[in-house]
Amino acid sequence: MMRSLYTATTGMLGQQLQIDTTSNNIANVNTTGYKKQRAEFNDLFYQVLQYAGTATSETTLSPTGIEVGLGVRPGAVSKMFSQGSPKETDNNLDVAITGKGFFQIQLPDGSVAYSRSGSFKLDDGGNIVTAEGYMLLPQITVPQDATQINIGTDGTVSVVQGNQGTSNVLGQIEIAHFINPAGLHALGDNLYINTNASGDPIVGIAGNEGLGQLRQGFVELSNVKLVEEMTDLITGQRAYEANSKSIQTADAMLQTVNNLKR
């Protein structure tokens, strides 16, 4: 009977993680480039009361045995890197990746982070940066007299300066991909860093070797589907409630035992 109390407790803790994960997805439904998370669970080990195959007589064996599970534990919280819907904007510095790949962003300490958010800006030196002022790599500096900025599907950045009728190429945006993007570590601010699980970044040109293409004037929306998240939220809530009922039932049974002798 005490076993059921602790088993149901693991269920409540697990469903709390499920609700926390779902709530984070809902909170980021409008976050550019956000990738939804999914909580995954594993059952705990089992207390064996009788092993399968135990002899029940001289000629027969137990076909199933008796094993009592001890609950559940979180196994992983995975990020789902499916494509988000593109949204057209009026900003020439908004860039969306259609397909796999990440923008390379230089952090203040000099290390490199990776992002799916392509909402870029210009700093006071004309460099293309994120909203936090982090530099896009490779560094591209737009001249002050630029009147038009063009970003090709392969990442080529060119500008028209002054009254010139031709464009000048400034550089090329390279993107990186990973053999296991789910292994990236999220820093917040739409940034990730690579880990031993993700593998080292493989840098290439957009549109080549299976990498996605770039679309100027678009941003990639979150891949969160609100209807699915609300359904998961309700499911998690009901499962949490059901586990609490198990605790109440075990408590009532213990109370019955305590009341046997008055």
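Which residues have the most contacts inside the largest nonpolar core? In this predicted model, those residues are Phe-103, Phe-120, Ile-173 and Leu-214, within a core of 23 residues. Several strands contribute to this core: strand 6 (95–98), strand 7 (102–106), strand 12 and strand 13 (156–161) each supply at least two of its residues. A second core, separate from the largest one, comprises 6 residues. Tyr-114, Phe-178, Leu-184 and Tyr-192 are among the members of this second core.

The backbone was also examined for unusual geometry. A cis peptide bond joins Leu-137 to Pro-138, with an omega angle near -10°. Pro-138 itself is located in the loop that connects strand 11 (135–137) with strand 12 (146–151). Strand 12 is also one of the strands that supply at least two residues to the largest nonpolar core.

Positive phi values in residues other than glycine were found at Asp-189 and at Asn-190. For Asp-189, phi is about 55°, and for Asn-190 the angle is near 65°. Asp-189 belongs to the loop between strand 16 (185–188) and strand 17 (191–193), and Asn-190 is likewise placed in the loop between strand 16 and strand 17. With respect to solvent accessibility, Asp-189 is classed as partly exposed because its relative accessibility is 48%, a value that lies between the 20% and 50% limits of that class. Asn-190 has a relative accessibility of 28% and therefore also counts as partly exposed.

Notes. Residues are numbered from 1 along each chain as its sequence is written. This is a predicted model: local features need pLDDT of at least 70, side-chain atom pairs count only at pLDDT 80 or more; totals for chains, interfaces and linings use all residues. Side-chain values use heavy atoms; hydrogens and water are left out. Helices (H or I, at least four residues) and strands (E, at least two) are DSSP runs, numbered from the N terminus. Buried means under 20% relative accessible area, exposed over 50%, partly exposed in between (1.4 Å probe, protein chains only). A nonpolar core is a set of buried Ala, Val, Leu, Ile, Met, Phe, Trp, Tyr and Cys residues joined through side-chain atoms within 4.5 Å.
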